[in-house]
Amino acid sequence: MNKKIRALLKQHNSDKTRLMDMLWDIQNQQGYISEEAVASLAEGLNMSCDDVRETLSFYHFFKDRPFGEHKIYLCNTVIAKMGNYDEVRAALEQEIGTSFGHVDDSGMFGLGDANCIGLSDQEPAMMVDQVVFTDLTAEKVQDIIKQLKQGKTAVEIANPDGVDSKDIAYVNAMVAENIRTESNVMFKADRDYKAILQTCLNQLPEEIITTITEANLRGRGGAGFPTGLKWKMGRDAEGEEKYVICNADEGEPGTFKDRVLLSHSPKDVLLGMIIAAHAIGSRHGIIYLRCEYWYLKDYLQQQIQDFRDDGLLGAQILGADFEFDIRIQMGAGAYICGDETALIESCEGKRGTPRVKPPYPIQQGYLGMPTSVNNVETLVNASRIIEEGSAWYTAMGTDESSGTRLLSVSGDCDKPGIYEIEWGMSLNAVLQMVGANSAKAVQISGPAGDCLSVAKEGEREFCYSDLSCNGSLMVFDESRDLLNIVRDFMEFFAEESCGICTPCRAGGVDLLHKVERIIDGRGCQQDLDEVINWSKLLKGTSRCGLGTASPNPILATLEKFPEIYQQKLVKQKGPLLPSFDMEKAMSAHDLAYKNLVQEDAE
């Protein structure tokens, strides 16, 4: 067995649930994960090679063969494509000397696509060896590739002053914060974390849960489940251990609020996790951090260590009979891991395949134990509620939707970035605030959400009874082709399906083909009728939220903007659909006939 892998196994106590960490360690050391490494891991973990490959092959950023000394991934979201994406893409291919999906002849560069890297407010953007570069132009690309060829690392290029990666200045050297509003709840400076946590620990867990319940805090990841109820269920659940997981895998295109909270309010997030742990009786916390945010890892590790040094994490926290600590689990590129059960599978070192529910994670989650999975923003809210009280929180928002909501705004507006609004604000008011003066359509909650007609729905309100929203808001003006945007979203869903269930695996591809057929002018009314029927099938039979949400881009635009489909349809003439290509079909017959005749002649 390879000595380095033997040391790696020892470091992780040959714990197969830490397989993701071991795969990352190997790839970071060797550039890729070889068959030899797979065999050594399998031997050391008492697994089959196929078991290791099952995890390895699932994630976008794990490589089982060399993919260049420098791995470059250009983000290809629809927002990126609204800018100078094409010239950036062309510049990368020209400067590197290869096309996307390949390695250049020298083996120095691997060039690939990334579906979303959480930077929609400053695209085009790319990752180079886990370092990000934003607001790209062809000239910037030329300069970056030139410096890489001269021997500089991506870190040296992005961080020329050599700022320590544990410092916020390191993050700021790469990424603009773009916090556009004065915040009521988020991003509060100079918080006394010891005093807040002492207040928490002076109360019984049941009192903490009551405060969160009275504040009517609901999950900010999109589902809006009552946080107090989740914590109560976790408190009541039976288990030798209980776990708190912070879901920082925001892979929904157009969403980047959690990235900004993690970089500019990290200790608020940690404090929220500690409060949740006290409430449910947990000793173990995990931050599941998407690997696209690797540049935040060292910084977050330092924030965790600061809390340990201050006695806010570890054994006997603030002298109380309370033990809790937090580790970071890196993802490896899988949108589906935003689903809490898929995320738990990934934390256990497996493919990110969603589990069948029930049981729910709060009953049987990580390692089969009760697990509270909470979004980054939810945890920050919880920490502020414990500090200020439930009455302070419910004074903001509406009767049914307390507090505030962070919005990640991108697209056709003057001021993309992060906005904190009180629940109850109208769509028109938000658009005016962000400088979207000619908006035609707004996609909320990413591709999985809803497409809104500004002309018809501008007075709708952000609240749980109307526009609940997961935080993503993408703006499109009159110049945008909505059908092409729909096609882009459907490509995203087809690419990101975990493949475990047939409705999603096959249905998503079929719906994409229908959209492409309509765009190409080969669709008829029957195609639209089939889209609606197939969408019902996906929504009713898919295993998880990805499958049930994947038809949304088509269904929403069909309802709000039916004209974009109708003007593309052609009328069916005779028994054959317009999509049927007679010449193509007959050419295959002619080829077969010629081959048979030739065989007979011989």
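A polar contact is a pair of N or O atoms within 3.5 Å; within protein, one must be able to donate a hydrogen and the other to accept it. With that term in hand, welcome to some close-up views of a predicted model.

**Figure 1. The domains of the chain and the meeting of domain 2 with domain 5.** The domain assignment divides the protein chain into domain 1 (3–56), domain 2 (70–158), domain 3 (193–394), domain 4 (404–442 + 452–471) and domain 5 (481–602). Look here at domain 2 and domain 5, whose C-alpha centres lie 32 Å apart. Their contact takes 5 residues from domain 2 and 6 residues from domain 5. Between these two domains, 2 residue pairs are in polar contact.

**Figure 2. The area buried between domain 2 and domain 5.** About 390 Å² is buried between the two domains, and carbon and sulfur atoms give 56% of that area. On the domain 2 side, three residues to look for are Val 78, Lys 81 and Asn 115: together they supply 91% of the area that domain 2 buries against domain 5, more than any other three residues. Lys 81 also has a charged partner, since its side chain meets that of Asp 488 in a salt bridge (2.6 Å, N to O). Across the whole interface of domain 2 and domain 5, the rule finds 1 salt bridge.

**Figure 3. Strand S3 and its two partners.** Strand S3 covers residues 109–114, and 5 of its 6 residues are buried, so this strand is largely enclosed by the rest of the structure. Strand S1 (residues 70–75) runs parallel to S3 and is joined to it by 6 bridges. To find one place where S1 meets S3, pair His 70 with its bridge partner, Phe 109. Strand S2 (residues 102–103) runs antiparallel to S3, with 2 bridges joining them. There, His 102 stands opposite Leu 111. S2 and S3 form a hairpin with 5 residues between the strands, where Gly 107 takes a positive phi near 80 degrees.

**Figure 4. Tyr 299 and its surroundings.** Tyr 299 lies in helix H15, which spans residues 297–309. Is this residue buried or exposed? Tyr 299 has a relative accessible area of 6%, and the cut-off for buried is under 20%, so Tyr 299 counts as buried. Leaving aside residues up to four places away in sequence, Tyr 299 touches Ser 165, Lys 166, Asp 167, Ile 168, Val 171, Leu 262, Ser 263 and Pro 266. Gly 319 is 20 residues from Tyr 299 along the chain, and their C-alpha atoms are separated by 27 Å.

Technical notes: Residues are numbered from 1 along each chain as its sequence is written. This is a predicted model: local features need pLDDT of at least 70, side-chain atom pairs count only at pLDDT 80 or more; totals for chains, interfaces and linings use all residues. Side-chain values use heavy atoms; hydrogens and water are left out. Helices (H or I, at least four residues) and strands (E, at least two) are DSSP runs, numbered from the N terminus. Buried means under 20% relative accessible area, exposed over 50%, partly exposed in between (1.4 Å probe, protein chains only). Contact means heavy atoms within 4.5 Å. Two strands pair if DSSP finds at least two bridges between them. Domain bounds come from an automatic or database domain assignment. Buried area is the accessible area (1.4 Å probe) that two parts lose on being put together, summed over both. A salt bridge is a side-chain nitrogen of Lys or Arg within 4 Å of a carboxyl oxygen of Asp or Glu. A polar contact is a pair of N or O atoms within 3.5 Å; within protein, one must be able to donate a hydrogen and the other to accept it, and residues adjacent in sequence count only if both atoms are side-chain atoms.
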